[in-house]
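Subject: Structure handover

Hello,

Here is the structure we talked about, with the sequence alongside. My notes on it follow below.

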Amino acid sequence: MSKQFRLFIAAILSVFLLGACALGDGRPPATLYDFGPLKTNDLVKLPDNMPVIKTRVHAPEWMSENLMYYRLNYVNDQQVRFYTESSWNTNPSRLFKSRLDSYLASAGGTVTGFRTLSPTLTIRIYIEDFGQHFTTPSASVGHVSLRASLWVATRSRRSMFPVMSFSAQFRRR
């Protein structure tokens with residue numbers, strides 16, 4: 001075989017391989033979800049003299065993607081699995097922070113991400129669990145577990161309130 005013929009065959013094969021890569025795997029694109037519109041009918045108004053509020057939300061490294069995860073507790077409750085056709089529109093910590101900031105601002109608070117000279121109230125949230133847990137193949141609960149700390153800073157002093165843990169389960173209706 002001549003060198004030109006081999007190059008021609010290699011070029012043709014390359015075109016076919018690149019074309020096959022462009023076709024994808026045939027699955028539909030993932031459906032994106034968020035928390036939906038903020039419901040303000042149960043909103044508790046914050047006091048007028050509230051300090052400026054800063055929020056920080058942290059999550060484990062495996063929650064840094066926008067994937068929705070679940071656990072099959074009846075098989076192995078230590079194994080995290082991810083949905084392939086559904087995902088969040090951003091990672092859970094950003095989604096949670098965005099909702100918390102929106103809620104606080106709607107309740108009358110001044111929310112900022114910047115340093116300020118005025119007294120600040122910093123809310124730090126540590127998400128520990130944010131997923132769906134199946135107890136049987138047909139029964140599941142949504143589970144959210146987090147720790148929260150509250151810091152108050154003035155020009156001369158910074159103090160922390162005790163860390164509190166929260167956990168909630170949501171059954172499908």
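How many helices and strands make up the secondary structure of the protein? The count is three helices and eight strands. Read from the N terminus, their order is α-β-β-β-α-β-α-β-β-β-β. Please keep in mind that this is a predicted model.

Confidence. The mean pLDDT of the protein is 85, and 90% of its residues reach 70 or more. By element, helix H2 (residues 73-76) has the highest mean pLDDT, at 95, while H1 has the lowest, at 69.

Overall numbers. The protein has 173 residues, of which 26% count as buried. Its exposed area is about 12,600 Å², with 57% supplied by carbon and sulfur atoms. Taking contacts between residues at least 6 apart in sequence, 63% of them join residues at least 24 apart.

Salt bridges. A search of the whole structure gives two. In general, side chains of opposite charge can pair when their charged atoms come close.

One of the two joins Asp101 and Lys97 through their side chains, at 2.7 Å from N to O. Both residues belong to helix H3 (residues 92-106), where they sit four residues apart, about one turn of the helix. Are these two residues buried or exposed? Asp101 counts as buried because its relative accessible area is 17%, under the 20% cut-off. Lys97 has a relative accessible area of 27%, so Lys97 is partly exposed.

The other joins the side chains of Arg147 and Glu128, at 2.5 Å from N to O. This pair links distant parts of the chain: Arg147 is in strand S6 (residues 139-153) and Glu128 is in strand S5, 19 residues apart. Arg147 is partly exposed, at 32% relative accessibility, and Glu128 is also partly exposed, with a relative accessible area of 37%.

Strand S5 and His133. Strand S5 covers residues 120-136 and includes His133. His133 has a relative accessible area of 12% and is therefore buried. Which side chain does the side chain of His133 meet in a polar contact? The partner is the side chain of Asp129, at 2.8 Å. Leaving out residues up to four places away in sequence, His133 touches Tyr69, Arg71, Asn73, Ala139, Ser140, Val141 and His143.

Helix H3 and Ser93. Ser93 is in helix H3, and with a relative accessible area of 15% this residue is buried. The side chain of Ser93 makes a polar contact of 2.9 Å with the side chain of Asn91. Not counting neighbours within four places in sequence, Ser93 is in contact with Val57, His58, Ala59 and Ile127.

Helix H1 and the surface. Which residues make the nonpolar surface patch of about 360 Å²? The patch is made by Phe5, Phe8, Ile9 and Ile12. Ile9 lies in helix H1 (residues 3-23). Ile9 is partly exposed because its relative accessible area is 35%, which falls between the 20% and 50% cut-offs. When reading the details of this patch, note again that H1 has the lowest mean pLDDT among the elements, 69.

Regards

Technical notes: Residues are numbered from 1 along each chain as its sequence is written. This is a predicted model: local features need pLDDT of at least 70, side-chain atom pairs count only at pLDDT 80 or more; totals for chains, interfaces and linings use all residues. Side-chain values use heavy atoms; hydrogens and water are left out. Patches are made of residues with over 30% relative accessible area and no salt bridge: like charges are joined within 9 Å, nonpolar side chains (Val, Leu, Ile, Met, Phe, Trp, Tyr) within 5 Å. Accessible areas come from the Shrake-Rupley method with a 1.4 Å probe; for residues, only the protein chains shown count as cover. A salt bridge is a side-chain nitrogen of Lys or Arg within 4 Å of a carboxyl oxygen of Asp or Glu. Helices (H or I, at least four residues) and strands (E, at least two) are DSSP runs, numbered from the N terminus. Buried means under 20% relative accessible area, exposed over 50%, partly exposed in between (1.4 Å probe, protein chains only). Contact means heavy atoms within 4.5 Å. A polar contact is a pair of N or O atoms within 3.5 Å; within protein, one must be able to donate a hydrogen and the other to accept it, and residues adjacent in sequence count only if both atoms are side-chain atoms. pLDDT is the predictor's confidence in each residue, from 0 to 100.
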